[in-house]
Amino acid sequence: MRTEVRLSRTQRSLESLHSGKDMSIAYNFAYLNEAIKREIRRKILKAIAIPGYQVAYASPEIPIARGWGTGGLQITLSLIGPGDCLKVIDQGCDDSVNAVNLRRFISMMTGCETTTETPKATLIQTRHRVPDTPLRPGQILVFQVPIPEPLREVEPRDQITRRMHAEGDYGLMWVKLYEETVLWGRVTVGARYPVLVHGRYIMDPSPIPRWDIPKLDRSEALLLFGAGREKRLYAVPPYTSVEPLTFEDVPFTVENQVGKACELCGSTNSFLDEIPADDGVTSTWICSDTDYCSRRRLQDPRVKRLSLRMRKPTEVGGA
Amino acid sequence: MGVKCESPPVLKVQNLGKIYGPGCPNCVGLTGPEHGRNVCPKCLSIVAFYGISLELFEAEVLGIVGESGSGKSSLLKCLHLDEEPWCGSVYHKEVGNGERDLFACSAQQKRAIRNKLFGVVYQSPEVGLRMGLTAGANIAEPLLLTNKNKPNFRAVRSRILHLFHQVELPIGRVDDPIRSFSGGMQQRVQIAKALACNPSVLLLDEPTSGLDVSVQASVLDLIRRIQWDTGLPIVIVSHDLGVIRLLTQRTLVMRLGRVVEAGLTDQILSDPQHPYTQQLVASALT
């Protein structure tokens, strides 16, 4: 699928900048070459075959810095095809700089359709959130992962943590949970709550809030996790069990949002971001998932009127 | 061994040997007390110990005594499956009816055996405990080594408090960092950790060597009381003949990686046969 047209470098970059869907660029479809894509796809297949297991992969160079979503981007680029519809979110928001840049880069390199609507997308790349609109079968959610190793906090040596995973030796992780429960009465992990996948491997779900953890359990969409800097990828196939690590008698809890509702759409069952007011004392709350929020407002005329008074949907976001 | 027992031994060790280094066919023949060295002159490997056979019976305390470098701690590490031996085998009566060599087990099985069947106390608390954690969390670790069932927090907690009480530590300090404990108290926490999973064998590696005399006495007292109460078989490694005399019924004397004398502790201490044992007994401060 190589579409090569002889153009000067300047012409080429100008061309690609101005025409999102124009394929007249001297890059391979989806930027990565076919050999690299095949390597990543093979590793993804292995990851799917062993749910929660971290598979090492090559993590090739791409034109963004490691630690800025390279793992997710490599997975997306190796999977995307001409018929796909892409959505990229950064902490639930479609409009943040990171999400916009990644979306434009991918669409420039593939000519694929992009969207902000969760149900419409076939491939969703995300940083630190799971969309609040339930995913459907056939969708793929690609997470950008900063630290793939859930045991790193209790054991800094990778050589040892790999052996701990191999032997299912998770006592130290439980000791950490024990100690937090003793000292604070509960587990104090905010994001990156460790989960047990398919009853076998402890997995880092990337820094999603606890609110999103139950959505991973028996998810209908395929969940892929890429850590470009650490050169690891892992997967949760559809309908696989994902349980947060908890003691039998100390239940897992999500963020407490009792009495709070989205200022824009009035939602109480989506994850909310805090917007501190100028007085420095009070705060308001808005949906972290901008697509969920704006579609709710479009669907409900009563809510829409309310919201128009406040802000335009596109301005909502990045808290 | 001179002792005959009706029930099968809890632990049976056959011809166990450990060589650090490449090892060669001459290693065994050219080392040992009769050659006065434990380094093979041909390949420069260190023969930590060789040809060790022993049986440990129910409710028995077996002592291993010898100078530093005689291989006694290496032997204990091998018994705890921390290190692979060069030759020989170890059998436990609860693993495959006492007929399965523990070293033939997989890494997972070995870990399970280590956690369930053995309790170990090291000379230095830094080795046996995690200094960054609280005392309770250290004891909790063997209790929480599970990925099959969700552990129950209250059950784990009450077991920890029970063990804390059993080793005579103040309950109020259970959530203090282990760093803030004195040496003797850290040894007690190690003992509590070793007992957490109700092991069938307790391995003690110089448990009191780093302590001052009065604390030493109280920790030895605790070990003896636990042994009387539970009838737990113990292997204790020490260079201190006082400890051996106080705790053990049978003793192996090791020198340069070989057992030079074995038998009832009373006999060995009152009537030593081997010149090295005689020297050892004569130089004891009593």
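Visitor: What makes up the secondary structure of chain A?

Guide: Nine helices and 12 strands, where helices are DSSP runs of H or I with at least four residues and strands are E runs with at least two, numbered from the N terminus. Before we go on, this is a predicted model, where local features need pLDDT of at least 70 and side-chain atom pairs count only at pLDDT 80 or more, while totals for chains, interfaces and linings use all residues. Residues are numbered from 1 along each chain as its sequence is written, chains are lettered from A and ligands numbered from 1 in the order written, and side-chain values use heavy atoms, with hydrogens and water left out.

Visitor: Why is Lys18(B) called buried?

Guide: Buried means under 20% relative accessible area, exposed means over 50%, and partly exposed is in between (1.4 Å probe, protein chains only). Lys18(B) has 12% relative accessibility, so it counts as buried. You'll find Lys18(B) in strand β1 (residues 11-20) of chain B.

Visitor: What lies 2.7 Å from a polar atom of the Lys18(B) side chain?

Guide: The backbone oxygen of Glu84(B). That fits the polar contact rule, a pair of N or O atoms within 3.5 Å; within protein, one must be able to donate a hydrogen and the other to accept it, and residues adjacent in sequence count only if both atoms are side-chain atoms. Leaving aside neighbours within four places in sequence, Lys18(B) also has contacts (heavy atoms within 4.5 Å) with residues including Phe49(B), Cys78(B) and Trp86(B).

Visitor: How do you know that Arg111(B) and Asp169(A) form a salt bridge?

Guide: The rule wants a side-chain nitrogen of Lys or Arg within 4 Å of a carboxyl oxygen of Asp or Glu. Here the closest N and O atoms are 3.4 Å apart, so the pair passes. The rule finds three salt bridges across the interface of chain B and chain A, along with nine residue pairs in polar contact, both residues at pLDDT 80 or more.

Visitor: Which elements of chain B give two or more residues to the side that touches chain A?

Guide: They are α2 (107-117), α4 (135-143) and α5 (153-166) of chain B, and α5(B) gives the largest share, five residues. As for α2(B), its buried residues are Lys110(B), Arg111(B), Ile113(B) and Leu117(B). What they pack against includes α5 (158-167) of chain A. The whole contact takes 23 residues from chain B and 24 residues from chain A.

Visitor: What makes Glu206(B) stand out in its phi?

Guide: Its phi is positive, about 45 degrees, although Glu206(B) is not a glycine. Most residues other than glycine have a negative phi. Glu206(B) is in the loop between β6 and α7 (213-230) of chain B, and at 5% relative accessibility it counts as buried.

Visitor: Why is Tyr31(A) called partly exposed?

Guide: Its relative accessible area is 25%, so by the cut-offs above Tyr31(A) falls in between buried and exposed. Tyr31(A) also has a positive phi, about 65 degrees, although it is not a glycine, and lies in the loop between α1 (9-18) and α2 of chain A.

Visitor: And Pro51(A), buried or exposed?

Guide: Buried, because its relative accessibility is 13%. Pro51(A) is in the loop between α2 (34-49) and β1 (55-56) of chain A. Leaving aside neighbours within four places in sequence, its contacts include Val197(A), His198(A) and Tyr201(A).
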